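Student: Could you take me through one part of this model slowly, starting with a single side chain and working outwards? I would like to see how the pieces around it fit together.

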Amino acid sequence: MDSLIPFTTSGSLVDCVDRKMLVVLRDGRKLFGVLRSYDQFANLVLEDTVERIYHQDVFAEQWVGLFLIRGENVVLLGEIDLDREDEVPLKQVEWDVLLPYHKLDTDMKKRREEFKAQVLHEQKGFSKEGGEGDGY
């Protein structure tokens with residue numbers, strides 16, 4: 001049966017259905033959930049999804065439930081090893097406690113990237129195209 005599925009971007013996802021996955025989006029968000037469905041455009045449906053944020057050696061999770069992700073927004077998709085999932089050397093804290101620190105980190109990263117783009121444009125002649133909010 002596996003030989004009947006063409007090896008394409010979406011065809012290779014068949015083995016990932018009903019498995020816990022990590023999805024990193026273009027805006028930098030990290031989602032953990034069970035892949036329930038996908039289509040030929042690599043649009044994904046995650047069930048029991050949580051969004052995870054990080055700051056230094058701590059992380060926080062927020063429940064987001066059922067999540068539909070447009071394929072063009074996926075940067076990375078990877079399976080979670082359930083046997084090693086609890087071995088993460090980070091401490092979990094409440095979402096509300098970590099969110100201000102995460103936002104500060106995100107804002108600092110955005111400013112650094114804008115500064116680099118400005119230097120590349122003004123001093124090296126690079127084009128400003130491609131900076132439409134794509135973090136990758």
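Tutor: Let's start with R52. In this predicted model, its charged end sits over the ring of F59, at 4.5 Å from the ring centre. R52 also lies over the face of a second ring, that of F32, where the distance to the ring centre is 4.2 Å. So as you look at R52, find both rings, F59 and F32.

Stay with F59 for a moment, since this ring has another partner. F59 and Y54 form an aromatic pair, and the structure holds one such pair. The two ring centres are 6.4 Å apart and the planes make 45° with each other, which makes the pair tilted. The two partners also differ in how much of them is open to the outside. F59 has a relative accessible area of 7%, so it is buried. Y54 has 30%, so it is partly exposed. The cut-off behind that step is simple: under 20% is buried, over 50% is exposed, and partly exposed lies in between.

Next, look at H55. This residue is found in strand β3, and its relative accessibility is 15%, so it counts as buried. What does H55 touch, leaving aside neighbours within four places in sequence? Its contacts are L98, Y101 and D105. To place β3 in a wider setting, we need the sheet.

The sheet is open and has six strands, in the order β5-β1-β2-β3-β4-β6, with mixed pairing. At its edges are β5 (74-79) and β6 (91-92), each of which pairs on one side only. Helix α1, residues 95-124, packs on this sheet and touches β3 (44-55) and β4 (58-69). The direction of the helix makes about 75° with that of β3.

Now move along to β1. This strand, residues 20-25, pairs with β2, residues 30-38, in the antiparallel sense over five bridges. If you want one pair of positions to find, M21 stands opposite G33 in β2. β1 also pairs with β5, again in the antiparallel sense and over five bridges. There, V24 stands opposite L76 in β5. Is β1 enclosed or open to the outside? Five of its six residues are buried, so the strand is largely enclosed by the rest of the structure.

That leads to the inside of the protein. The largest nonpolar core has 11 residues, among them M21, V23, L25, L31, L46 and F67. Strands β1, β2, β3 and β4 each supply at least two residues of this core, and the largest share, three residues, comes from β1. L46 is a good residue to explore here. Not counting residues up to four places away in sequence, L46 touches V23, L31, G33, V34, L35, G65, L66, F67 and I69. Notice G33 in that list: you have already met this glycine opposite M21.

Let's finish with the turns and loops, beginning with the hairpin of β1 and β2. Four residues lie between these two strands, and one residue of the hairpin, G28, takes a positive phi near 95°. R29 is placed in the loop between β1 and β2. With a relative accessible area of 32%, R29 is partly exposed because that value falls between the two cut-offs. Leaving aside neighbours within four places in sequence, R29 is in contact with V23, V24, E51 and F67. Two of these names should be familiar, since V23 and F67 are in the nonpolar core. R29 and V74 are 45 residues apart in sequence, while their C-alpha atoms are 10.0 Å apart in space.

Two more residues have a positive phi without being glycine. One is D18, with phi near 70°, in the segment before β1. The other is A42, with phi of about 65°, in the loop between β2 and β3. Are they buried or exposed? D18 has a relative accessible area of 51%, so it is exposed, whereas A42 is at 14% and so counts as buried.

Notes
Residues numbered from 1 in each chain as written. Predicted model: local features only at pLDDT ≥ 70, side-chain atom pairs only at ≥ 80, totals over all residues. Heavy atoms only, no water. Pairing = 2+ DSSP bridges. Contact = heavy atoms within 4.5 Å. Axes fitted to C-alpha atoms, helices over the stretch in contact; angles between N-to-C directions. Buried < 20%, exposed > 50% of the residue type's maximum accessible area, 1.4 Å probe, protein only. Phe/Tyr/Trp six-rings, centres within 6.5 Å; stacked < 30°, edge-to-face > 60°. Lys NZ or Arg CZ within 6 Å of the ring centre and 35° of its normal. Core = buried A, V, L, I, M, F, W, Y, C linked by side-chain atoms within 4.5 Å.
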